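Visitor: Could you take me through one part of this structure in close detail? I would like to follow a single element and then see what lies around the rest of the fold.

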Amino acid sequence: MTLPLVQAGLLASVIVLGAMAALVVRLPLPAGMALAALFGLLHGHVHGEEMLGAVALSTAAGFLAATALLHGVGLALAMPVAQRMAPWARRAMQVAGGATAVAGVLLAVVG
């Protein structure tokens with residue numbers, strides 16, 4: 001089964017999430033969950049299509065392990081910063097979000 005406009009959705013997720021970080025947008029919990037679910041569906045679909053036959057189980061295990069590791073490291077690094085939220089840290093997160101959004105736009109334009 002293939003989803004329509006998956007690649008456009010992937011680019012949109014990079015641009016939207018980067019812009020939200022840059023602008024420090026805080027969505028209501030249900031809206032944030034819906035957005036995360038939609039973008040997760042798109043990313044998961046693309047990765048699922050890449051898996052073939054017998055290799056699928058080990059590929060899925062690798063994706064799960066890498067995702068868990070990235071989330072764990074991200075939380076470990078972000079929690080102390082978020083608790084203190086020094087002005088430089090807030091600015092650094094905004095700059096990183098802006099760079100992510102710009103990278104998404106460049107991918108969309110340049111291909």
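Guide: Happy to. In this predicted model, valine 109 has a relative accessibility of 66%, so this residue counts as exposed, the cut-off being over 50%. Valine 109 sits in helix H4, and it has nonpolar company at the surface: together with Val102, Val105, Leu106 and Val110 it forms a patch with about 490 Å² of accessible area in total.

Now look at another position on that helix. H4 covers residues 87–110, and glutamine 94 is part of it. Here the relative accessible area is 17%, and because buried means under 20%, glutamine 94 falls in the buried class. Leaving aside residues up to four places away in sequence, glutamine 94 is in contact with Ala21, Ala22 and Val24.

From there, let us turn to the interior. The largest nonpolar core has seven residues: Val6, Leu10, Met20, Leu35, Phe39, Leu42 and Val46. At least two of these core residues come from helix H1 (6–23), and at least two from helix H2 (29–50). H2 is the biggest contributor, giving four residues to this core.

Phenylalanine 39 is a good place to finish, as one of the members of that core. Again setting aside residues up to four places away in sequence, phenylalanine 39 touches Gly9, Ala12, Ser13, Val16 and Leu17. If you have the viewer open, try selecting phenylalanine 39 with those five partners, then glutamine 94 with Ala21, Ala22 and Val24.

Definitions and conventions
Residues are numbered from 1 along each chain as its sequence is written. This is a predicted model: local features need pLDDT of at least 70, side-chain atom pairs count only at pLDDT 80 or more; totals for chains, interfaces and linings use all residues. Side-chain values use heavy atoms; hydrogens and water are left out. Buried means under 20% relative accessible area, exposed over 50%, partly exposed in between (1.4 Å probe, protein chains only). Contact means heavy atoms within 4.5 Å. A nonpolar core is a set of buried Ala, Val, Leu, Ile, Met, Phe, Trp, Tyr and Cys residues joined through side-chain atoms within 4.5 Å. Patches are made of residues with over 30% relative accessible area and no salt bridge: like charges are joined within 9 Å, nonpolar side chains (Val, Leu, Ile, Met, Phe, Trp, Tyr) within 5 Å. Accessible areas come from the Shrake-Rupley method with a 1.4 Å probe; for residues, only the protein chains shown count as cover. A salt bridge is a side-chain nitrogen of Lys or Arg within 4 Å of a carboxyl oxygen of Asp or Glu.
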